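Colleague: I am new to this structure and would like a close look at a single part of it, the aromatic side chains and the surroundings in which they sit. Please take your time and connect the pieces as you go.

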Amino acid sequence: MMTSKKEEIIYKASLLIHSLGYTNTKLSDILTSSGIGKGQFYHYFTSKQDLADAVVEYLIGNMKHDIFDEILDRPIAPKLRLNQMLDKLCAMQFENQAQSGCALGNLAIEISENEPILRDKVASFFKQWEEKIQRALDELQQQRQLDTNLDTAKYSQAMIAMIEGAILLMKNKQDIQVLYDITDVIRTEYNLNEE
């Protein structure tokens, strides 16, 4: 829960950036949404870029908590971890009414060319996500629940690409069923269906 005015500004800006995009979110939008003036904004942040950095940290922190801490880092069976991750990602998009997509995925696309510091932070998150999925896939191989000839590093990247691509298609079609269908394909391709 947000407690300080600075945290409230970060939260409100994260909602705007998620729905409008970084470039389309104007300082005036942030001021109006947060109920503050320019002076108060500049008390907390040196620029929109400074705020964007805080928003990226906030979004990454939320995803790490929801996906890493609550699911992928738990000492439960790898198949269960991956299924719970897919379920959580679907639930997050359902709560969003399949409209805004993945906040970090959207930012990765929008900032990749012009914002190297933010790009590196988002890329670091995706790399950590790949590693956690790869660890689960390695465990599945050790348990003989996944083909031992598969390159788990490539397959962890592919899983994230399928997830993010599914979210992109879902957002474009404004239809959550797209995400559900593609997560079903992931479950089949990665042998995650319950036996």
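Modeller: What follows looks at one aromatic pair and its surroundings, and then turns to other aromatic residues and to the pocket. Please keep in mind throughout that this is a predicted model.

A search of the whole structure finds nine aromatic pairs, and one of them is formed by F125 and W129, whose ring centres are 5.9 Å apart and whose planes make an angle of 35°, an arrangement that counts as tilted. Both residues belong to helix α7, and because they are four residues apart there, about one helical turn separates them. In general, an α-helix has 3.6 residues a turn, so residues three or four places apart point the same way.

Are these two residues buried or exposed? F125 has a relative accessibility of 2% and therefore counts as buried, since the limit for that class is under 20%. W129, at a relative accessible area of 1%, is buried as well.

The contacts of each residue show what surrounds the pair. Leaving out residues up to four places away in sequence, F125 touches I60, M63, K64, F68 and L104. With neighbours within four places likewise set aside, W129 is in contact with I67, F68, L72, M85, L89, I160, I163 and E164. F68 thus appears in the list for F125 and again in the list for W129. As a point of reference along the chain, S4 lies 121 residues from F125, and the C-alpha atoms of these two residues are separated by 26 Å.

W129 also has a place in the wider interior, for the largest nonpolar core has 57 residues, and L82, M85 and W129 are the ones that touch the most other members. At least two residues of this core come from each of α1, α2 (27–34), α4, α5, α6, α7 (116–142), α8 and α9 (176–189), while α4 gives the most, with 12 residues. L104, which F125 touches, is one of the buried residues of α6, a group that also includes A103, G105, N106, L107 and I111. The buried residues of α6 pack against α1, α4, α7 and α8.

A second aromatic pair is formed by Y155 and Y190, with ring centres 5.8 Å apart and planes at 75°, so this pair is edge-to-face. Y155 is in helix α8 and Y190 is in the segment after α9, 35 residues away, and the pair links distant parts of the chain. Y155 counts as partly exposed at 33% relative accessibility, whereas Y190, at 2%, counts as buried. Elsewhere, F41, Y42, Y44 and F45 form one aromatic cluster.

Finally, there is the largest pocket, which has a volume of about 550 Å³ and is lined by 23 residues, with H18, L59, M92, N96 and A103 lying nearest its centre. The elements that each give two or more residues to this lining are α1 (5–20), α4 (48–72), α5 (78–95), α6 (103–111) and α8 (152–173). By class, the lining has 12 nonpolar, eight polar and three charged residues. A103 joins two parts of this account, being among the residues nearest the centre of the pocket and also among the buried residues of α6.

Notes
Residues numbered from 1 in each chain as written. Predicted model: local features only at pLDDT ≥ 70, side-chain atom pairs only at ≥ 80, totals over all residues. Heavy atoms only, no water. 1 Å grid on protein atoms, 1.4 Å probe; cavity = no way out; pocket = protein on both sides within 12 Å on 5 of 7 lines; lining within 4 Å. Points joined across faces, edges and corners; volume = space filled by probe spheres on them. Nonpolar A, V, L, I, M, F, W, Y, C, P; charged D, E, K, R; others polar. Core = buried A, V, L, I, M, F, W, Y, C linked by side-chain atoms within 4.5 Å. Buried < 20%, exposed > 50% of the residue type's maximum accessible area, 1.4 Å probe, protein only. Contact = heavy atoms within 4.5 Å. Phe/Tyr/Trp six-rings, centres within 6.5 Å; stacked < 30°, edge-to-face > 60°.
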